[in-house]
Amino acid sequence: MIVPRHYENLRVLHENTMPPRSYFIPAPPGQEVLPRERERSGRLQLLSGRWRFRYFESIYGLTEPFFRWNGEASGFQEVTVPGMWQSYGCDAHQYTNIRYPFPFDPPWVPQDNPCGAYLLDFLYEEDPDAPAAFLNFEGVDSCFYVWLNGDYVGYSQVSHSTAEFDVTRYLRAGRNTLAVLVLKWCDGSYLEDQDKFRMSGMFRDVYLLKRPREGIFDYFVRTELGEGTAAVSIQLEYFSKAVPVTAVLLAPDGQVLAKGPAERNGQIRLEVNDPALWSPEHPDLYTLRLETEGETITDRVGFREIHAADSVVYVNGAAIKFRGVNRHDSHPEKGFAVSLEDMERDLVLMKRHNFNAIRTSHYPNDPRFCQLCDEYGFFVVAEADVEAHGPWMLYYQDGSDQTRGDRWNERIADHPDFVEPICDRVRRCVQRDKNRPCVVIWSMGNESAYGRAFEEALRWTKEFDPSRLTHYESALYHGDKRRYDFSNLDLYSRMYPSLAEMTAYLEAGPDKPLLLCEYCHAMGNGPGDLEDYAQLFRRHRELCGGFVWEWCDHGVSRGPAPNGKAMYWYGGDHGEAVHDGNFCMDGLVFPDRTPHPGLLEYQNVHRPARARLGEDGAVRLTNELDFTDLKEAITIQYEVRQDGRVTESGLADCPSIPPHQEGRLSLKWSGPVRGQGYLRLIYRQRTDAPGVPAGCMLGFDELLLSGDINQTVLRLMDNPVLSSGSVEVIEDDAALVLEGEGFRYRCDRRTGLFSGLSRGGRELLDRPMEVNLWRAPTDNDQYLKLEWQKARYDWASAQARETVWEPLEGGVLIRSRMSVGAPSVQRVLTVETVWVVWANGTVDMDMYVRREPEFPMLPRFGLRLFLKEAMDQVEYCGMGPWESYRDKHRASWHGLFQSPVAQLHQDYLRPQENGSHFDCGYVTVQGGGLKLTAVSETAFSFNASLYTQEELTQKAHNYELEPSGSTVLCLDYAQNGIGSNSCGPKLLPQYRLDRKEFRFRLRLICG
């Protein structure tokens, strides 16, 4: 073997690397280079770009010393760095969540360890003012060896951490050859078991820094707040000896505020009067220049302070809430190799949807990411590159969760061999990002259990940087062999707790603020419980908020499908033996960053203001912001809607309301509102802010003004008995045929349902009507669906035990006793159904439903109609325009909406239930001269789709879906809620369709 086996030696984490330091890019004296402009620096030579690359399935296949390249590179291809070799067409993508993709036997990894050999030929021009040269790798998965001009330079691991080598003695003026060998697995892979695709290669930038032989090696910036004053304290660290340093602090407008030299101990202190404080709502940044004879370092400073007291988190003296999201580095084509533009695109989307915080799950992001967060204004939980979730999945004779939880920590978290590897990762995270004002919490890692390694990492972190809070959720998981130390944890952190668990924590008297580092699993059609968590956050100061899991779907782009849809693959699509399916498709945005409805739901749940109607009828506004007077933040537009239509609109003058306070909104509308009336207040950004232009909608409130029945519904529900005409009944053992002026309906006596609805000689139905219990399971139904399938709900159908009819004034009444069940199981529902067919063709339905108590909650209950494909236009009065459910409708509002059927489909990458509309009074489906209206005085839900629920259930990818050839209309008494039980708690009781008895009434108007 041509390399030492450092990759299986827990005592060799790095070889010949520089100590970890804060991220900065030096420049020649007098040149100011801001963080996002680093390539302007005359001291940076970017080596990213076109490299030669060769993939080996096993390290044992690498027999020649490729690093002694002489100009011939047999078998090498040209690739782009940064990049993943799976994206080059080598190896295969693999997605796993918890399970290690190799046997658990640390420090050993598979003998046939795949590797990639990289070669770069580059020119180097010596700078007499900066003769020292440092080679930086910002991200390499999983470990790598480096040679320069044939000489061995060193080794490093920790995929998401910068490795820096002093290469001064290896470089030469003119042409140089850089060789890098990257391995797929190393002993560090046991600590990189994050929920993500497993990909390999140099996925972040590679560059040289030219520097003086003596100068600033590192610095640590701290800020202190006083009464109307602030101070910047800078601690310098030099290469080997002190050099003269001058610090210059500039205001956000460029004015020089303070200037001073370094003291003999390397300390600098600058003071500022009346400072602008940094926060997500006001990300004011000062510019700091550190000037030496040989170089200038430019950085940004934000004045802010964070602490916890009485179980409340305060920033700059204000109690705050983290309105956060977890974010992976992810791109559908480039994998982890995300660009500055990719990161910025994410941040702009987040900012426009009311996020104020990001957790870097579960590793440090690109070093420029936190600088962008400084600029745009995001709190950051900076998480070390540590996750050792795999030991949870080991074989235990007693495989209970209790046993797993008790023993999870034995193999890694509490094992002495892993203390230094884990501490190294935490130190590298903290050292790199210690100067970023956006970073307010240090996270020791994720889901790795607890033990001496994390105790030591927390102890070092609090000693090194007591100015920030510490977090580690997996402190919950440890054995009982000794007493564990939690004294250096500032937050009590949980993942996916139920509301009841959170309430119990509060009632017990919390000694730390409660942070939800993950909650509201946003997989597929979801999450459905955002508002419930938000209400609890709002009521209790000790709940400092949380971070939704997660930002984006992790799909691998495979180009367009034959039908033109984008193809995204997930776990199992790449031939993986070990994988976790589509569990990586769990974001608020699609891989291309198109928002899910869940993102719109989040935006409005976390709107900047909340309104209510006071007892005096006046509108009361609460300022939901932490630092800004509401009048300075938003403008308000209002609409009065009556029966779905806007009858009045205008602008309202937002009053001055301090953060977290309530005030009165002066607003009048003309006259009383009849029927169903709502006041909608729309909140928009008042002035341009980073990522958010003036006028950008930030959310809305909808207030009920009149709860009377919609006047259109009343008109449609007028008593048809007043119409003239009669209904003729032609009956046999199988059916009742009902004929009247211009219509012919067929009621199947065996089901009690209509098998034909013909109007004007034209049939509306392609198939007989059905009683409908099933929905294509959502990702959040993944546990419920097992019970539903066990109950055979997906096979359920109605049979009528008796169907009789009798004449009625102006029509015919049909009475049917129905049983709903499925093969192999007993009756699920007993349904007493009354149909009235009126002489004008209107059909009234009244179903009284009893569920057998043995059966679980229902997915849904309603009717399914297969209408003619030409009926492709929908008008409805209810909640729109986005899909809406009983626990997921805060992004929608009540109105009158029109849409083609095709546009009502929400194209989740794994097909599932979608496109429902909640709280409707009526819906009309029409086209091709045909028309059907469903209306009820009691609100109902509907779906109209090109696809059947069976098709959505069976197909694994959205691009595989085949239209049914009909317009499939589902008219629901109700659907079960959405929730977030793919990873979160069970569905809340108030959203379950588990009533033992209920009544469903509906009117159908044909033509």
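In what order do the four strands of the open sheet lie? In this predicted model, the order is β3-β16-β8-β12, and the pairing is antiparallel. Strands β3 (44-46) and β12 (163-166) form the edges, each pairing on one side only. From one strand to the next, the twist averages 25°. Within this sheet, β8 (residues 132-137) and β16 (residues 206-211) are joined in the antiparallel sense by six bridges. A133 has K210 of β16 opposite to it.

A second set of paired strands involves β54 (residues 829-838). Strand β53 (residues 811-821) runs antiparallel to β54, and ten bridges join the two. S819 has T830 in β54 as its bridge partner. Strand β54 also pairs with β55 (residues 843-851), again in the antiparallel sense, over nine bridges. Here E832 stands opposite Y848 in β55. The hairpin of β54 and β55 has four residues between the strands, and G841 takes a positive phi near 95° in this hairpin. Strand β54 is largely enclosed by the rest of the structure, because eight of its ten residues are buried.

Side chains of opposite charge can pair when their charged atoms come close. The whole structure was searched for such pairs, and 73 salt bridges were found. One of them joins E32 and R289, with the closest N and O atoms 2.9 Å apart. This pair links distant parts of the chain: E32 belongs to the loop between β2 (26-27) and β3, whereas R289 belongs to strand β24 (residues 286-291), and the two residues are 257 residues apart. The partners fall into separate classes of burial. E32 counts as partly exposed because its relative accessibility is 30%, whereas R289, at 19%, counts as buried because the cut-off for burial is under 20%.

Another salt bridge is formed by R425 and D385, whose closest N and O atoms are 3.9 Å apart. R425 is part of helix α4 (residues 419-433) and D385 is part of the loop between β31 (379-383) and α3 (401-407), so the salt bridge ties together parts that are 40 residues apart in sequence. Both partners are buried: the relative accessible area is 2% for R425 and 1% for D385.

A further salt bridge connects the side chains of E420 and R427, with an N to O distance of 2.5 Å. E420 is partly exposed, its relative accessible area being 38%. R427 is also partly exposed, with a value of 24%. Elsewhere, R38, E138, D205, D366 and R368 are joined into one network by salt bridges that share partners.

The surroundings of N149 were also examined. This residue is found in the loop between β10 (143-148) and β11 (151-157). At a relative accessibility of 16%, N149 counts as buried. A polar atom of the N149 side chain lies 2.9 Å from the backbone oxygen of Y170. When neighbours within four places in sequence are left aside, N149 is in contact with Y170, L171, R172, R175, N176 and T177. Y170 thus appears both in the contact list of N149 and as the residue whose backbone oxygen lies 2.9 Å from a polar atom of the N149 side chain.

Conventions. Residues numbered from 1 in each chain as written. Predicted model: local features only at pLDDT ≥ 70, side-chain atom pairs only at ≥ 80, totals over all residues. Heavy atoms only, no water. Pairing = 2+ DSSP bridges. Axes fitted to C-alpha atoms, helices over the stretch in contact; angles between N-to-C directions. Salt bridge = Lys/Arg side-chain N within 4 Å of Asp/Glu carboxyl O. Buried < 20%, exposed > 50% of the residue type's maximum accessible area, 1.4 Å probe, protein only. Polar contact = N/O pair within 3.5 Å; in protein donor to acceptor, adjacent residues only side chain to side chain. Contact = heavy atoms within 4.5 Å.
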